[in-house]
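Dear colleague,

Please find below the structure for your attention. A summary of the findings follows it.

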Amino acid sequence: MEIRFPLKKIPHTGFVFNKTSLLSILVCFFCSELSARSWKVSELNIKIDKSWIPGDFHDGAATVDVFDAEKSEYRRGYINMGGEWIVEPKFMPFKRTGSLDINGDFHDGMALVLLNTDKQNDAWSYIDLSGKMLSDTFGGALPFQNGYAVVINNEKHGHINKKGEYFDNKTIIRHNPKSNGYKIFRTKKYRSRCGYINPVIHDTIPPRYLNCGKFHNGLAKVNDDKGWHFINSAGRKVVIEKKGFNIDHFENGFAVITNLKSKKMGLVDRWGRSVLPVEFEYVGDVSDNMIVLTKKNGIYKYMEITGGR
């Protein structure tokens, strides 16, 4: 049976609706939505020397490791978004991975720097975005977070502020805003499945997953009987990971996607849509300024992402 759309006159407008006009409106609305959400990626005019090993931008600054031919070793400096040096290369490069990645990026307006290294006597300090360094050095240190950092100096363990002053750690509010307050729990009652609980707002996501990752920037990576995907704090699937690919944590609304066979990398947004094709040797985290470092055919480039969300 054919369904006919009768002509209908809308009061006060004089506009006539029929099947064709309704379809045109829906198509135009759909196209405008796609246009509004599309991403544009363009290369930034930052000259990167072939001898450099650049890092991701954080707080408007990026690490750059430069090879020192005289000393036959790399030295670390920092550049701003204009490609100008904030600090000339004079620090020692380092990168530590584990439960907390430490690689010298700026966090909370401060960057951890290594002055010299010795198995018995490492010397660490901090610089701000103007390049000014704290007067004290430390035998061990962690990045700044929420206005303070953990340091060790002459067997003294404590917390310092951005002026290098020690203060009572009882005043510190230990809160990671990227975690959303959700904690993982596992119960044998549901075949040892895991879920999430937020004791602050008394919310739970039922234990229906085989594996649960930590919440980061509003999303958590989980897997169930159907595979790996990302969920939001309501427990809804937002990004499904395709077989043969790995999607890393989301940073500022974007995540690195890797082809497990070719090891090539790309970038997706929090809806799972492609932003950069999976054809790069390296793709870094997207900064709060929407800048991402890429490497293709051995050449590093900084790319800027623009467009609607």
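Ile53, Phe67 and Tyr74 make up a nonpolar patch on the surface, with a combined accessible area of about 260 Å². Patches consist of residues with over 30% relative accessible area and no salt bridge, with like charges joined within 9 Å and nonpolar side chains (Val, Leu, Ile, Met, Phe, Trp, Tyr) within 5 Å. A salt bridge is a side-chain nitrogen of Lys or Arg within 4 Å of a carboxyl oxygen of Asp or Glu. Accessible areas come from the Shrake-Rupley method with a 1.4 Å probe, and for residues only the protein chains shown count as cover.

This is a predicted model, in which local features need pLDDT of at least 70 and side-chain atom pairs count only at pLDDT 80 or more, while totals for chains, interfaces and linings use all residues. Residues are numbered from 1 along each chain as its sequence is written, and side-chain values use heavy atoms, with hydrogens and water left out.

Phenylalanine 67 lies in strand 5 (residues 61–68); strands (E, at least two residues) are DSSP runs, numbered from the N terminus. Phenylalanine 67 counts as partly exposed because its relative accessibility is 41% (buried means under 20% relative accessible area, exposed over 50%, partly exposed in between, with a 1.4 Å probe and protein chains only).

Strand 6 (residues 73–80) and strand 7 (residues 85–91) pair in the antiparallel sense through three bridges; two strands pair if DSSP finds at least two bridges between them. Arginine 76 has phenylalanine 91 in strand 7 as its bridge partner. The two strands form a hairpin with four residues between them, and glycine 83 in the turn has a positive phi of about 80°.

The search of the whole structure finds one disulfide, a term for a pair of cysteine sulfur atoms within 2.5 Å. The disulfide joins cysteine 194 to cysteine 212, with an S to S distance of 2.2 Å. This pair links distant parts of the chain, 18 residues apart: cysteine 194 is in strand 16 (residues 193–198) and cysteine 212 in strand 18 (residues 211–212). Both cysteine 194 and cysteine 212 are buried.

Strand 18 also belongs to an open, antiparallel sheet of four strands in the order 18-19-20-21. Its edge strands are strand 18 and strand 21 (237–240), each of which pairs on one side only. Strand 20 (residues 227–231) and strand 21 run antiparallel and are joined by three bridges, with lysine 237 in strand 21 as the bridge partner of isoleucine 231.

Yours sincerely
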